[in-house]
Number of protein chains: 2
Amino acid sequence: MKKTAVVLLSGGLDSTTCLFWALKKGYAPIALSVRYGQRHGRELRAARAAAKKAGAILHEVSFSLPWLGGSSLLNRRLKLPETPLSKIGRGGIPSTYVPGRNTIFLSLATSLADSVGAEAIVIGANALDYSGYPDCRPPFLKAFAEVARRGTKRGSEKKPIKVLAPLLRLDKKGVVRLAQKVGAPLSLTWSCYAGGSRPCGRCDSCQLRAKGFREAGVVDPA
Amino acid sequence: MKKTAVVLLSGGLDSTTCLFWALKKGYAPIALSVRYGQRHGRELRAARAAAKKAGAILHEVSFSLPWLGGSSLLNRRLKLPETPLSKIGRGGIPSTYVPGRNTIFLSLATSLADSVGAEAIVIGANALDYSGYPDCRPPFLKAFAEVARRGTKRGSEKKPIKVLAPLLRLDKKGVVRLAQKVGAPLSLTWSCYAGGSRPCGRCDSCQLRAKGFREAGVVDPA
């Protein structure tokens, strides 16, 4: 029997690459998409298409967190940042930070992994481009791995629930190259924060994506 | 200004005691109730009454986790256990275990705490009566405290987000005594897993509660 991995899948470039990376690594992936009041559902449609392409079951969880009005990813009245994350400087946290986001994502993935007996959780966290987000940094992921080990039935039976972040040390160029290597369907992915019918090209996620493709010498098919 | 604490509040004896403990300790409490497909909403009505009594804001978050069919707390077709948790024996995990439950609860509380600038999260985890649940044990709570520190804006600014479990070393008798000491409104609390108009008296939560009151020499007002 194949080992199973829960893959957090937003439908963006990073998480879609993770999904196909997991396939390539020999895991039977189970995808998990979390809707927490994002500005748009475009990303989630992309997630469904990617999961289908990978032949993975997709679980979707929706909720809204009434206290999350302060993030520009969720609040349409706040302006989306156009300064690249990488220029915000060490220690600065951009307005797109959603407090506790990856902690919540990983906790839901842990619940799913413990329920179905998955031996790994895969998250597209990226310590370079997203250095502004505390919940994308290696010490956070390491701390969460201990939570997954200590707080689960699997962990108490000494079975692994690994927390894998295959993009952790990659910049966007590296992600584009990995995506190509593992056969991720880049044309299906969606990165824009704004969520119109086409990517806005201006938000920092669009800029980061464009830069990644440019530097990797790859034409963006999306 | 008073320091703020996010208190996870189910409406049961343990969490209601935590809420009034936090008040007594000088915190301005913000209560957080999580509805994740429990068998009944009776507990949540109790949570609202307790929050009102404490003068605390109550945030409610609802979602359903499609993979949680295996817990008898959520699946009405499974029989609720009548064997006290304490008799299941070391290492055994009861059917009321909801995979990842406290991890999810704490991650939501972390998001709220990081959003409002709370310096503590309070959870009614109890290492004695609930020794069967991996996510009630001290090593889990310690690991989660590291996650809250590493994964948040507050943490990266070196401000505390403490994870407090004031009931951790108490048995049910101890909880009843603490509840009296901090003035928790026991008559408003609800412990029964079954959720009829009156407690069933048979499920292990009812049995544990009855034993606690008996041993504390207190008449249960609920």
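Is S10(B) buried or exposed? In this predicted model, S10(B) is buried, because 24 other C-beta atoms lie within 10 Å, and a residue counts as buried from 20 upwards. Here is a short tour of that residue, followed by a look at a sheet in chain A and a helix that lies across two of its strands.

**Around S10(B)**

- You will find S10(B) in the loop of chain B that runs between β1 (4–8) and α1 (13–24).
- Leaving aside residues up to four places away in sequence, S10(B) touches S15(B), S33(B), E43(B) and A47(B).
- One of these contacts, E43(B), is 33 residues from S10(B) along the chain, yet their C-alpha atoms are separated by 6.2 Å.

**The sheet of chain A**

- Chain A has an open sheet of 5 strands in the order β3-β2-β1-β4-β5, and the pairing is parallel.
- At the edges stand β3 (57–62) and β5 (162–164) of chain A; each has a single partner strand, so one side of each lacks a neighbour in the sheet.
- On average, neighbouring strands of this sheet are turned by 25° against each other, ignoring direction.

**Strand pairing in detail**

- Strand β1 (residues 4–8) of chain A runs parallel to β4 (residues 120–122) of chain A, and 3 bridges join the two.
- For A5(A), the bridge partner in β4(A) is A120(A).

**A helix across the strands**

- Helix α2 (residues 42–54) of chain A lies across β2 (28–35) and β3 of chain A.
- Relative to β2(A), this helix runs at about 170°.

Technical notes: Residues are numbered from 1 along each chain as its sequence is written. Chains are lettered from A and ligands numbered from 1 in the order in which they are written. This is a predicted model: local features need pLDDT of at least 70, side-chain atom pairs count only at pLDDT 80 or more; totals for chains, interfaces and linings use all residues. Helices (H or I, at least four residues) and strands (E, at least two) are DSSP runs, numbered from the N terminus. A residue is buried if 20 or more other C-beta atoms lie within 10 Å of its own, exposed if 12 or fewer, and partly exposed in between; C-beta atoms are placed from the backbone. Two residues are in contact if their C-beta atoms, placed from the backbone, lie within 7 Å. Two strands pair if DSSP finds at least two bridges between them. Axes are lines fitted to C-alpha atoms, for helices over the stretch in contact, and angles run from 0 to 180 degrees between N-to-C directions.
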